[in-house]
Amino acid sequence: MERTKAVLNTVKVYGTMESSEAYIIRDFLKRSVAAFDWIPVPDINALQHLITAPIPEYANLPVVELPGGKLLFDPSIESIAFSLGWISKPKHTEYDVSIFGGGPAGLSAAVYAASEGLRTVLVEREAIGGQAGTSSLIENYLGFPNGLSGAELAERARQQAVKFGVEILLMRRGVNAKFIANKLHVDLVDGSKIIARANISATGVEYSRLDLPDENRYLDKGVYYGAGSSEVLLCTDEHVFIVGGGNSAGQAALNFCRYAKKVTLVVRGSDLASTLSFYLLNRIQNNKNIEVLFNSNITALSGTGTLNEINITDHLNHTITNYSTRFVFVCIGGKPNTTWAKDTAIVRDEAGYLVTGTDLYEPSFKSKWSNSFTPAFLETSVPGCFAAGDVRHNSIKRVASAVGEGAMAVTFVHRYLTKNY
Ligand SMILES: Cc1cc2nc3c(=O)[nH]c(=O)nc-3n(C[C@H](O)[C@H](O)[C@H](O)COP(=O)(O)OP(=O)(O)OC[C@H]3O[C@@H](n4cnc5c(N)ncnc54)[C@H](O)[C@@H]3O)c2cc1C
């Protein structure tokens, strides 16, 4: 799993400016901390002037040129990751602990578990880093006074995990979980199976949608989920809209305003103070390039092929205003990634978050599980199955708390294994 510097330095991505497929590739490479060159081209014919290898007759953009010159035409991110040597099969049939999710909580759990001698596998469905991996600058994580990008934090943690012997399976998703003879059996999306004596679920949350009728048409063609770190330079001199009033939206606004002509933050509520950290609020208020629209929602998207215009409704003044823009970034929180748990005995709350520890004794959850053991703080209603980070009911939704919970979960795993094996 060690990525060589040569691999990191020489990937080239060619595509049209408005291609959603090219955006998905750029976003994936950026989050994977793979240095790459983005070379916009008007069409596939223009590419022949830039590369020496012949282009097959029916080839399509985007094209990824790998180190060494191999070309991938209209590739999936799985095939790019595979070609770069980032995908492997499970090495063992059974592990001490399986960790699902490679965000801050999962990475932290992996580092602590492997460094304490547990045979550890970490399964991540996309790129390492989770939500944090999309953050342009995390400034409130202890020990980094100048801040660091989420992708850099994730890559450092990945290297640390690999150093301690964690097996990382990228581009794999747990789709179905069963408990057989006290062990967790998880089917992965590619048909392989992982068996583990204990498990930590750190599958985090997924961005919520705007819920607009044309949303899918413009997805990654003007409407982007997340903070869009890979797109900042492409928004030079553009009017960029960011939806959301939380820290991720605030950070994104400050990141984009360095290059964009103007950044408009579209906020559903009537203030930012209740949702945004004080240091971000201060900077946003003092930045002439950032405008905040309160009590507002995007209510319509339009454009031919790609996004060109949006309508914003002000619910207080009952006005609808039309704006020209090619870039909307949606940072409005999300839903937990826990559909894999739906057929298990793991108790979830109404929104789908995993309930752990003493929360399981709340009246609304108490009748939903056996009550036959005393769950540890991060233990779910199934013994040996722990949850850490944003996926947990009542979690704090910060990098530091996710990292802390990942480390703590490992202590509970040790206690569970000592008692049961
Ligand atoms: C843009 C942005 C900026 C932020 N900035 C800050 C900040 O400055 N400071 C701060 O403290 N917090 C910040 N946050 C919040 C912080 O990033 C989250 O609280 C933190 O990432 C939660 O970590 P996690 O590991 O619990 O979950 P996540 O980061 O959500 O990671 C979950 C991982 O699990 C994977 N996954 C999901 N389902 C499966 C499955 N079935 N199988 C395998 N893998 C799966 C996902 O792909 C993902 O990689 C920010 C969030 C965003 C979006």
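A polar contact is a pair of N or O atoms within 3.5 Å. The structure described here is a predicted model. This briefing covers two topics: a sheet with a helix packed on it, and the surroundings of Thr325.

**The four-stranded sheet**

- Four strands form an open sheet in the order S2-S1-S3-S4, and their pairing is mixed.
- Strand S2 (36-40) and strand S4 (71-73) lie at the edges, each pairing on one side only.
- From one strand to the next, the twist averages 20°.
- Strand S3 (residues 63-65) and S4 run antiparallel and are joined by three bridges.
- Within this pair, Val64 stands opposite Leu72 in S4.
- In general, the strands of a sheet pair through backbone hydrogen bonds, in either a parallel or an antiparallel manner.

**The helix on the sheet**

- Helix H2 (residues 20-31) packs on the sheet and touches strand S1 (11-15), S2 and S3.
- The direction of helix H2 makes about 165° with that of S2.

**Thr325 and its surroundings**

- Thr325 is located in the loop between strand S18 (319-324) and strand S19 (327-330).
- Thr325 counts as buried because its relative accessibility is 3%, and buried means under 20%.
- A polar atom of the Thr325 side chain lies 3.1 Å from the backbone nitrogen of Phe327.
- A polar atom of the Thr325 side chain also lies 2.5 Å from the backbone oxygen of His239.
- Leaving aside residues up to four places away in sequence, Thr325 touches His239, Val240 and Phe241, together with Leu307, Asn308, Glu309 and Ile310.

Key
Residues numbered from 1 in each chain as written. Predicted model: local features only at pLDDT ≥ 70, side-chain atom pairs only at ≥ 80, totals over all residues. Heavy atoms only, no water. Pairing = 2+ DSSP bridges. Axes fitted to C-alpha atoms, helices over the stretch in contact; angles between N-to-C directions. Contact = heavy atoms within 4.5 Å. Buried < 20%, exposed > 50% of the residue type's maximum accessible area, 1.4 Å probe, protein only. Polar contact = N/O pair within 3.5 Å; in protein donor to acceptor, adjacent residues only side chain to side chain.
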